Amino acid sequence: MADIQGTYDRLFLAVPNALADMLDAGDAGGSVAVFVDGEPVVDVWGGFTDADRSAPWERDTLVNVWSVTKTMTALCALVLIDRGAIDLDAPVARYWPEFAAAGKDKVLVRHLLSHTAGLPDWDGTADELHDWPATTARLAARAPRWEPGTAAGYHSLTQGFLVGELVRRVTGRSVGEFLAAEVTGPLGADFHVGLPPADDHRVAPTIPPTGRDEDYAASAPDNPTGSEAGNGVRVRDGNSPAWRRAQIPAASGYGNARSVALVQSLLACGGEVNGVRLLSRAGCDRAREEQFDGDDRVLGMPMRWGLGYGLFGNTYGWGGWGGSLVMIDPDSRMVVAYVTHQMREPAEDTRGLEIVTTAYEGLQGLRR
């Protein structure tokens with residue numbers, strides 16, 4: 001069995017065992033954290049940071065969690081909404097006047113967070129995503145593909161810029177700056193949007209699925225309306241220093257399972273973790289208010305969207321390209337985070353679900 005490092009409550013033994021099974025099955029490395037009541041009951045990692053299996057995964061190893069980053073960007077918006085700095089029902093143009101162009105004057109803030117704004121497509125290159133002013137200007141000039149609020153289509157790359165520009169217009173700070181100052185800093189969480197060069201040595205580069213190379217590209221699993229959302233970004237783009245430096249708030253966050261679980265425990269625990277309160281209970285509940293229930297035009301499958309999070313029964317959260325995932329259960333005050341740099345083909349990847357299932361086995365023992 002693969003060597004697993006870290007700590008865990010004995011009731012949650014199945015969680016590190018599941019990670020070991022994944023490493024034994026061929027994964028290079030990964031980390032898992034389970035927080036209950038804002039405290040870690042599992043904080044483990046194992047494997048290697050490189051495809052050659054020469055450098056061991058360390059406690060502070062970081063990976064690009066891809067779309068799990070969206071949950072961090074959404075949390076920034078939720079904090080500002082809770083403070084009254086942003087009105088969910090206000091037109092986006094109230095804060096970002098240029099956004100009213102091309103018939104978007106009635107797009108509301110809640111539409112950006114729920115993937116219902118009608119702006120799912122990115123038709124530029126991956127390199128162009130590094131230019132914040134140009135990217136946001138491009139999105140501001142675009143016409144929506146459907147009447148905002150009437151349909152949903154996963155905004156795989158664009159959501160981060162749309163919500164991020166809203167944060168910037170209101171606070172004068174980028175998402176990465178706001179997150180560091182107002183969320184991860186106070187909590188002591190090792191998560192970054194816009195990674196400093198000094199942390200490059202801690203990054204485990206993304207490894208494409210078996211049989212694929214670094215030209216492996218992101219795409220939606222089904223694409224009935226011809227959306228370009230999610231296409232064009234390759235593994236090699238995400239492994240570049242330019243990607244790490246850029247703020248792409250839908251897809252370029254760097255962290256580990258511990259940091260993801262710690263931050264998202266705010267929502268599981270009524271807005272307060274370790275004596276740090278960043279949200280009211282109402283502000284936390286807002287995240288899981290259903291905004292859409294139906295077929296997602298980009299994902300090509302039924303989805304329920306809250307404000308920045310996918311809704312799954314009584315839980316909510318989201319996953320990233322390649323397998324990383326966070327799941328929040330406020331009823332149990334639990335958060336499960338799985339972070340990996342080892343991609344698998346999406347149709348064959350059940351790792352996140354396996355980790356969540358084993359976490360619930362431990363929770364049942366803990367609550368007895």
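Two strands are taken to pair if DSSP finds at least two bridges between them. With that in mind, a walk through this predicted model can begin at its N-terminal end, where β2 and β3 form a hairpin with 2 residues between them. In the turn of this hairpin, aspartate 37 has a positive phi of about 55°. The strands β2 and β3 run antiparallel and are joined by 8 bridges, and along this pairing glycine 30 stands opposite glycine 46 in β3. Strand β3 also pairs with β1, again in the antiparallel sense, over 5 bridges, and here glycine 6 faces valine 44 of β3. Strands of a sheet pair through backbone hydrogen bonds, either parallel or antiparallel.

Helix α1, which spans residues 14–24, belongs to this part of the chain, and its buried residues are Val15, Pro16, Ala18, Leu19, Ala20, Met22 and Leu23. The elements that cover these buried residues include the three strands just described, β1 (4–8), β2 (29–36) and β3 (39–47), together with β14 (334–340) and helix α11 (351–366). Just after α1, glycine 26 adopts a positive phi of about 125°.

From here the path leads to the nonpolar interior. In soluble globular proteins, nonpolar side chains tend to be buried together. The largest nonpolar core in this model holds 88 residues, and those that touch the most other members are Leu112, Leu113, Leu267 and Tyr309. Helix α2 (residues 69–82) gives the most to this core, contributing 9 residues. Apart from this core lies another, of 22 residues, among them Phe12, Leu23, Val41 and Met334. Leu23 has already appeared as one of the buried residues of α1. Returning to tyrosine 309, its contacts beyond four places in sequence include Thr71, Ala74, Leu75 and Leu78, and among its further partners are Gln264, Leu267, Ala287, Arg304, Tyr316, Gly317 and Ile328.

Phenylalanine 178, in helix α6 (residues 175–187), offers a single residue to follow in detail. Its relative accessible area is 1%, and because buried means under 20%, this residue counts as buried. When neighbours within four places in sequence are left aside, phenylalanine 178 is in contact with Cys76, Val79, Leu80, Arg83, Val167, Thr171, Arg173 and Val183. Alanine 204, by contrast, is 26 residues away from phenylalanine 178 in sequence and 25 Å away in space, C-alpha to C-alpha.

Alanine 204 leads on to the empty space inside the model. Rolling a probe the size of a water molecule over the atoms shows where empty space is left. The structure holds 3 cavities of 30 Å³ or more, and the largest cavity has a volume of about 40 Å³. Its lining is made up of Val63, Asn64, Val203, Ala204, Pro205, Thr206, Gly238, Asn239, Arg244 and Tyr254, which divide into 5 nonpolar, 4 polar and 1 charged.

Several of these names recur in an open sheet of 3 strands, with the order β4-β6-β5 and antiparallel pairing. Its edge strands are β4 (63–64) and β5 (192–193), each of which pairs on one side only. Strand β6 (residues 253–255) is joined to β5 over 2 bridges in the antiparallel sense, and histidine 192 stands opposite tyrosine 254 in β6.

Serine 252, in the loop between α8 (241–245) and β6, has 0% relative accessibility and is therefore counted as buried. Where does serine 252 find its contacts, once neighbours within four places in sequence are left aside? They comprise Asn64, Trp66, Thr69, His192, Val193, Gly194, Trp243, Ala246 and Gln247. Although serine 252 and valine 65 are 187 residues apart in sequence, they are 7.1 Å apart in space, C-alpha to C-alpha.

Further along the chain, strand β9 (residues 292–296) and strand β10 (residues 301–305) run antiparallel and are joined by 5 bridges, with aspartate 295 opposite proline 302 in β10. These two strands form a hairpin with 4 residues between them, and glycine 300 in the turn has a positive phi of about 70°.

The walk ends at an opening: the second largest pocket has a volume of about 160 Å³. It is lined by 13 residues, of which Pro209, Thr210, Gln342, Met343 and Arg344 lie nearest its centre, and the lining as a whole divides into 5 nonpolar, 3 polar and 5 charged residues.

Definitions and conventions:
Residues are numbered from 1 along each chain as its sequence is written. This is a predicted model: local features need pLDDT of at least 70, side-chain atom pairs count only at pLDDT 80 or more; totals for chains, interfaces and linings use all residues. Side-chain values use heavy atoms; hydrogens and water are left out. On a 1 Å grid over the protein atoms alone, a cavity is a set of points where a 1.4 Å probe fits but cannot get out, and a pocket is an open set with protein on both sides within 12 Å along at least five of seven lines; lining residues have an atom within 4 Å of a point. Grid points are joined across faces, edges and corners, and a volume is the space filled by probe spheres set on the points. Ala, Val, Leu, Ile, Met, Phe, Trp, Tyr, Cys and Pro count as nonpolar, Asp, Glu, Lys and Arg as charged, and the others, Gly among them, as polar. A nonpolar core is a set of buried Ala, Val, Leu, Ile, Met, Phe, Trp, Tyr and Cys residues joined through side-chain atoms within 4.5 Å. Buried means under 20% relative accessible area, exposed over 50%, partly exposed in between (1.4 Å probe, protein chains only). Contact means heavy atoms within 4.5 Å.
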